[in-house]
Amino acid sequence: MAIIPNLTTFDLVKWICLFLIIRPLTLINNIWTWYRMPPGPTPIPFLGNKYQLSKSQPWLQFQRWSKIYGPIFTIWIGSKPTVVLSDPVIAVELLEKRSQKYSSRPRMVAMGEILWDNASILVQGYNKAWSIRRKLLHQALTPRALRLYKPVQSAEASRLCFQLLETPSNWEKLIERFTSSVVFCVAYSHRIDSLNAEVIRQRFEFMQYSASLNVPGKYLVESFPVLKFLPDFLAPWKADIKAHGRQEAAANMKLVDVVRSDLACAKEEGLQVPDSLCKLLLELREKEDIPLSDRDFSFIPASLFGAGSDTTASTLCSAFLALVTHPSTLRAAHEELDRVIGSDRTPTFDDEPHLPYIRALVKEVLRWRPVAVLGGTPHASTEDDWYESYYIPSGTTILGNTWAINLNEEYYPSPHLFEPRRFLETAEEKAVLKGKSHPAKAGHSSFGWGRRICPGADLAANSLFIALAKSLWAFDIVAKDRVVYDTFAYTEGFNIRPKKFECVISIRSEKHRGVLEKENLDAERVLEKFGAFKE
Ligand code: HEM
């Protein structure tokens, strides 16, 4: 009996000594790492810059810090470093040219591991599980596959215009319905007629719940991942997250079942199911061995809504804000559309090569107010590296501050001026507000970088083009009398959108109205094949 208390005391002393040694050693290691990493605001030991970080619109604070500490700087969240990039050349150098080292994601234990059980491509590390999903997405988003989705994008854009004609003041909700329906048609060959459809309400709930998990400091498990192994009865928070995860997975699998049964019925009746990403993947699964469980497979088409609907809708909202606050761009768009298209029909995808100003307008809105303002989901490095004289250890979180990059005046003089001519090709037009040449092919960084670049970028660009081409052809979109617009009034979060604002949307002529009414009937015929999800 006497030995046990002695042993316990000894153990206690041992642990205290170990703690007293480890803490200073960790601190020395952190200081040594901090000293070699890119500069930044001075962190407090073990807490880092936590108390200096702005809770509101952090991208603005990061942009200010880039002017003080340079285009590559470090912030510390506790003992974990995050490198923030504010220059497109540095972002391309690290995230594209050295992408084998910078294509992972930081661990998101609550959201990625407990809620989704590692099934979602968005937060997966740079590993085999990720590459299987990425390859599948690419196979269903090839240029050939994108051509298959164009008729539905075009029909939905005609429907959007017709609805704008009927209830112009409801424009933001109409845009959301448009992007939701496009994503559902492309993912599952089913359209959305109302935002009250059960599947949509469910999707919004899932998105809100997952976003609520991703709040720094909310869950201790992010700092101590070992806590995820606690049994459920000792960790009710974990049981709750897992229950939400099961609900989401069940809903995802149900959607795949809908397409599976559509295919079976069509086969029996000798009919064709419209092409969709889920259909292409199910057909591929018949031919090839795809090493994914039904549950994991169902997350691939489901990722389209989370990643592609709100982002595209928010970009369209920014486009309306830009048009209202920069009326000369509306006049220039009308001039091009009237000259190339006339007033007997609305523009189509075939007109795209002949509408350079509208194409440039799409690029400019993506640049001007990037929806994924801090680069979407952060990258993480998987090897130690050096950039110039700076050390970047393996496991560092890398944030591309798309706001600072897209609004960097060296590349885009007068960056807050909405000026589509920046993206035009002719020598005279190129001289307009010409800054240093942006290294990315797109001329902006709104879709991210390297191996993690948005796989839906071309699909999104097609939706933006057709929705803007048709609505600009049809409407005047102008400021409301006596309303003062603030082009910086944006929501918080990882994806941003202009705060609610009113504008006047009016049909350009009775002839335009007639064309919209006729084309809406044509669109309904195209969309008939895509069964609607019920309210
Ligand atoms: C305007 C619309 C959109 C914008 C601005 C946007 C932007 C982004 C950004 C910045 C990323 C992170 C890239 C990186 O880590 O470097 C991303 C990832 C992703 N996006 Fe998009 N996106 C849009 C639309 C779409 C659409 C329509 C889809 C549907 C296919 C989609 C699917 C994805 C997926 C699956 C990922 C995760 C890729 C991965 O982690 O490997 N996005 N997006």
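**View 1. Helix 3 lies across four strands.** Helix 3 (residues 88-97) crosses strand 1, strand 2, strand 4 and strand 7 (397-400). Its angle to strand 7 is about 140°. Axes are lines fitted to C-alpha atoms, for helices over the stretch in contact, and angles run from 0 to 180 degrees between N-to-C directions. Contact requires C-beta atoms, placed from the backbone, within 7 Å. Helices (H or I, at least four residues) and strands (E, at least two) are DSSP runs, numbered from the N terminus. The model is predicted: local features need pLDDT of at least 70, side-chain atom pairs count only at pLDDT 80 or more, and totals for chains, interfaces and linings use all residues. Residues are numbered from 1 along each chain as its sequence is written.

**View 2. Four strands form an open sheet.** The order is 1-2-7-4, with mixed pairing. Strand 1 (72-77) and strand 4 (379-380) are the edges; each has a single partner strand, so one side of each lacks a neighbour in the sheet. Pairing requires at least two DSSP bridges between the strands. Strand 1 runs antiparallel to strand 2 (residues 80-85), joined by 6 bridges. Ile75 has Thr82 as its bridge partner in strand 2.

**View 3. Thr397 of strand 7 is the bridge partner of Thr82.** Strand 2 and strand 7 run parallel, with 4 bridges. Ala380 also stands opposite Thr397. Strand 4 pairs with strand 7 in the antiparallel sense, over 2 bridges.

**View 4. Helix 11 packs against helix 13.** Helix 11 (residues 294-325) meets helix 13 (residues 356-368) at about 100°, with the axes 9 Å apart. The two are therefore roughly perpendicular (65 to 115 degrees; under 35 is roughly parallel, over 145 roughly antiparallel, the rest oblique). Helix 11 contributes Thr315, Ser318, Ala319 and Ala322; helix 13 contributes Val365, Leu366 and Trp368. These contact residues comprise 5 nonpolar, 2 polar and no charged. Ala, Val, Leu, Ile, Met, Phe, Trp, Tyr, Cys and Pro count as nonpolar, Asp, Glu, Lys and Arg as charged, and the others, Gly among them, as polar.

**View 5. A shell of 27 residues surrounds the ligand.** Gly308, Gly376, Gly448, Cys454 and Gly456 come nearest. A residue is near if its C-beta atom, placed from the backbone, lies within 6 Å. Helix 11 supplies the largest share, 7 residues. Helix 16 (457-474) supplies at least two. By class, the shell holds 13 nonpolar, 12 polar and 2 charged residues.

Definitions and conventions:
Contact = placed C-beta atoms within 7 Å.
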